[in-house]
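Biologist: I would like to go through this model with you, one point at a time. Please end each reply on the value or name I ask for.

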Amino acid sequence: MRILLSNKFYYRRGGDCIYMLNLEQLLREHGHEVAVFAMDYPENQETPWRKYFPRNMSRLMALTRPFGSHEVKSKFNKLLDDFRPDVVHLNNIHTQLSPIIAEQAHIRGIRTVWTLHDYKLLCPRYDCLRDGKTVCELCFGGDKTYCKTFRCMKGSRLASLVGYKEAVMWSRPRLEACTDLFICPSRFMAEKMAQGGFRRDKLRVLCNFIDVEKCRKDDYAKDDYYCYVGRLSHEKGVATLVEAAARLPYRLKVIGGGPLSEELRIKSEELKGNIEFLGFRQWDGIKDIVGKAKFTVVPSEWYENNPLSVIEAECLGTPVLGARIGGIPELIDEGVNGMTFESGNADDLAGKIKAMCAADFDYKAIADAAMERYNAESYYNEIMKIYK
């Protein structure tokens, strides 16, 4: 089968990029021909398909690209001519590439599927957060004027106007017309899409996968600490975690960086918290720290879709204490591979940290079950059903 994968970036930048790179490798291992379409970004991995990539987006292009530029359209059509795919599989394409490529594939009668990594098809700013802090669903009903009213795009009137016009242009009926199937990595995502009016028969729930081999271990012994891995920003709920952790004697290790890095360090020092900020780590470092942790905390305060941090921790045999928001609870079997708490509630979080520290978990069983659930071969079997 000839499969064309598209994402606006083609390097390990975020969950959407990692997913597509892993999927590309998986499909090639099974003998399929795979082409790639992305923006020509400096950090991209080398690929023979780069000659088809549209230019890196300038500030001026940010005002036009979301609506389907001539360059994107012509280069994508050239790739379709030369590669002749059986399936076009879209990922995170808005703004830099735009859904114009879905329409171009559909016009040619090519099966087009789209994995949804965020809520862009429902919310112009993609994360359902007003001011980057408050969960908001006002645009789900179809009226996108709230994007302008609350200046949802970076607090900018101009950017919010562009975001509004983009959402109006790429409306639900237009997106549904050119997409055969939307792949939702969580049941929560599928329900929100249906709430926003998308047809349920075009929504398929399929949890993401990882390379479980990178998580294999011989020893599931745990050290006396718990950890957090991720971006240090408001929506991730790290401030709530620091507040809760500072009340307790248990040792917390924090991996990652972000806009709240310095603020959280200062807050931890003021509260005399037993918290160690480790900064950014590559996978080997993450594997060692998360693998030896008694548990990991995912304290998000936004609609997480299908966080890899939960999946990877479980595959390492590490239980997860997750916020009850978005798709997180779907990945946690209460008392078996972790626990949940009320998102944004520092009191509940502190109580659940105590409970996690006192609980007994079968760490190897957690790893075995997770590797069975999230392995690439299982995903491959399901994605081929979707392609065909």
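Modeller: Before we start, helices and strands here are DSSP runs numbered from the N terminus, a helix having at least four residues and a strand at least two. The model is a predicted one.

Biologist: Between which two elements is the place of R65?

Modeller: R65 belongs to a loop, not to a helix or strand run. The elements on either side of that loop are β2 (33-37) and α2 (70-83).

Biologist: Is R65 buried or exposed?

Modeller: The cut-off for buried is under 20% relative accessible area. R65 has 1% relative accessibility, so this arginine counts as buried.

Biologist: Which residue has its backbone oxygen 2.6 Å from a polar atom of the R65 side chain?

Modeller: Setting aside residues up to four places away in sequence, R65 touches a list of residues that includes M39, P54, M57, V72 and T95. R55 and E71 are also among them. The backbone oxygen at 2.6 Å from the R65 side chain is that of R55.

Biologist: Which salt bridge of D348 has its closest N and O atoms 3.8 Å apart?

Modeller: The cut-off for a salt bridge is 4 Å, from a side-chain nitrogen of Lys or Arg to a carboxyl oxygen of Asp or Glu. The two residues are four apart in helix α12, and therefore about one helical turn separates them. The partner of D348 is K352.

Biologist: Which residues are joined into one network by salt bridges that share partners?

Modeller: Side chains of opposite charge can pair when their charged atoms come close. R65 is one of the members of this network. The full set is R55, R65, E71 and K75.

Biologist: How many salt bridges does a search of the whole structure find?

Modeller: One of them is formed by K120 and E166, at 3.2 Å from N to O. Another is formed by D347 and R247, with the closest N and O atoms 2.6 Å apart. The search of the whole structure gives 26.

Biologist: Why does the pair of K120 and E166 tie together separate parts, and how many residues apart are they in sequence?

Modeller: K120 lies in the loop between β4 (111-115) and β5 (129-130), whereas E166 is in helix α5, so the pair ties together two parts of the sequence. K120 counts as buried at 15% relative accessibility, and E166 counts as buried at 3%. The separation in sequence is 46 residues.

Biologist: What is the relative accessible area of R247, the partner of D347?

Modeller: D347 is in helix α12 (residues 346-358) and R247 in the loop between α8 (238-245) and β10 (252-255), 100 residues apart. D347 counts as exposed, with 54% relative accessibility. R247 is partly exposed, and its relative accessible area is 43%.

Biologist: Which side chain makes a polar contact with the side chain of H32?

Modeller: H32 lies in the loop between α1 (15-29) and β2, and counts as buried at 12% relative accessibility. Leaving aside neighbours within four places in sequence, its contacts are M1, I3, L27, Y380 and M384. The polar contact, at 2.7 Å, is with the side chain of Y380.

Biologist: How many disulfides does a search of the whole structure find?

Modeller: The cut-off is 2.5 Å between two cysteine sulfur atoms. For C136 the nearest cysteine sulfur, that of C152, is 6.3 Å away, and for C139 the nearest, that of C123, is 6.2 Å away. C136 is buried at 14% relative accessible area, as is C139 at 9%. The number of disulfides found is zero.

Biologist: What accessible area do L60, L63, L158 and L161 have together?

Modeller: These four leucines form a nonpolar patch on the surface. L161 is found in helix α5 (residues 157-169) and counts as partly exposed at 32% relative accessibility. Together the four have about 370 Å².

Biologist: What is the phi of K154?

Modeller: K154 is found in the loop between α4 (146-149) and α5, and counts as exposed at 84% relative accessibility. Its phi is positive although the residue is not glycine. The value is near 60°.

Technical notes:
Residues numbered from 1 in each chain as written. Predicted model: local features only at pLDDT ≥ 70, side-chain atom pairs only at ≥ 80, totals over all residues. Heavy atoms only, no water. Buried < 20%, exposed > 50% of the residue type's maximum accessible area, 1.4 Å probe, protein only. Polar contact = N/O pair within 3.5 Å; in protein donor to acceptor, adjacent residues only side chain to side chain. Contact = heavy atoms within 4.5 Å. Patch = residues over 30% accessible without salt bridge, like charges linked within 9 Å, V, L, I, M, F, W, Y side chains within 5 Å. Areas by Shrake-Rupley, 256 points an atom, 1.4 Å probe, with all protein chains shown as cover.
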